[in-house]
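The following paragraphs lead the reader through one protein chain, from a single residue to the wider fold. Please keep the structure in view while reading.

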Amino acid sequence: MAVEIKIGDRKAWVNLLKQDGNILEVEVDGKTYNVDLMHTADGTFSILEGGHSYDIELVPDETPKKYTAYTLYERYNVEVIDAEARYLQNRNANGAGPGDNKITSPMPGKVVKVLVQEGDVVQEGETVVIISAMKMESEYKAPKDGTIKKVHVKDQQTVDSNQVLIELD
């Protein structure tokens, strides 16, 4: 499975093609590399590739899938952007936020359950609809206190990216 890795301002598509113990065949932006990767006792990674040796220390950030990578002379901010991370980014970017009156679906999915009706009074943080996407169920919550103005979906309905699900007054 390919993942996108952001290192500083650069983004690279990385795909693990084959693994036999510490020996990996990795494709980076369409180019194949054979590497010997070892996680050492002191927490660094030792990488041998093309006759060169690299030592990298990866320090996890407070946010999942984000790291600081230290080499002998440089420091890099690294982020792994896999399907789950992309889904969460889309959900945060496209879903309702504080002050929004519309709750939208960040990606295609299926409505599992609509928990409100038009005219219902909801409190901020109350779950109003559950969507299934990418084999995960996600609860969409009211971004603020208010009244349900319009419900645009029903149970078991398929929804598209950025489709409005519910509007609040």
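In this predicted model, serine 105 counts as buried, because its relative accessibility is 1% and buried means under 20%. Serine 105 is found in the loop that runs between β9 (102-104) and β10 (109-114). Leaving out residues up to four places away in sequence, serine 105 touches Val159, Asp160, Ser161, Asn162, Gln163 and Leu165.

One of these partners, Leu165, leads into the interior of the protein. With residues up to four places away again set aside, leucine 165 touches Ser105 as well as Ile103, Thr104, Val129, Ile131, Lys150, Val151, His152, Val153 and Val159. Leucine 165 also belongs to the largest nonpolar core, which has 17 residues. Within this core, the residues with the most contacts are Val116, Val128, Val129, Ile148, Leu165 and Ile166. At least two residues of the core come from each of β10, β12 (127-133), β14 (146-151) and β16 (164-168). Apart from this core lies another one of nine residues, including Ile5, Leu24, Val35 and Val78. In soluble globular proteins, nonpolar side chains tend to be buried together.

The strands around serine 105 and leucine 165 may be followed through their pairing. Strand β10 is joined to β12 by four bridges, and the two run antiparallel; here valine 111 has isoleucine 131 in β12 as its bridge partner. Strand β10 also pairs with strand β15 (residues 158-159) in the antiparallel sense, over two bridges. In that pairing, glycine 109 stands opposite valine 159, a residue that serine 105 also touches. Strands of a sheet pair through backbone hydrogen bonds, either parallel or antiparallel.

Attention now turns to another sheet. How many strands close into the barrel, and in what order? There are eight, in the order β1-β2-β3-β4-β5-β6-β7-β8, with antiparallel pairing. On average, neighbouring strands of this sheet are turned by 35° against each other, if direction is ignored. An example of the pairing is given by strand β6 (residues 52-60) and strand β7 (residues 66-70), which run antiparallel and are joined by four bridges. Among the residues concerned, leucine 58 has alanine 69 in β7 as its bridge partner.

Leucine 37 offers a second single residue to examine, and it lies in strand β4 (residues 31-39). Is leucine 37 buried or partly exposed? Leucine 37 is partly exposed, because its relative accessible area is 28%, a value that falls between the limits of 20% and 50%. Leucine 37 and leucine 48 are 11 residues apart in sequence, and their C-alpha atoms are 6.6 Å apart in space. Beyond its neighbours within four places in sequence, leucine 37 is in contact with Asn22, Leu24, Phe45, Ser46 and Ile47.

Ile47 also appears in the lining of the largest pocket. This pocket is lined by 30 residues, and Ile5, Ile7, Val14, Ile47 and Ile56 lie nearest its centre. About 1400 Å³ of space lies within the pocket. Two or more lining residues are given by each of β1 (2-7), β2 (10-20), β3 (23-28), β4, β5 (44-49), β6, β7 and β8 (75-81).

Finally, the chain may be viewed as a whole. The chain contains one helix and 16 strands, and buried residues make up 30% of its 169 residues. Of the contacts between residues at least 6 apart in sequence, 38% join residues at least 24 apart.

Definitions and conventions: Residues numbered from 1 in each chain as written. Predicted model: local features only at pLDDT ≥ 70, side-chain atom pairs only at ≥ 80, totals over all residues. Heavy atoms only, no water. Buried < 20%, exposed > 50% of the residue type's maximum accessible area, 1.4 Å probe, protein only. Contact = heavy atoms within 4.5 Å. Core = buried A, V, L, I, M, F, W, Y, C linked by side-chain atoms within 4.5 Å. Pairing = 2+ DSSP bridges. Axes fitted to C-alpha atoms, helices over the stretch in contact; angles between N-to-C directions. 1 Å grid on protein atoms, 1.4 Å probe; cavity = no way out; pocket = protein on both sides within 12 Å on 5 of 7 lines; lining within 4 Å. Points joined across faces, edges and corners; volume = space filled by probe spheres on them.
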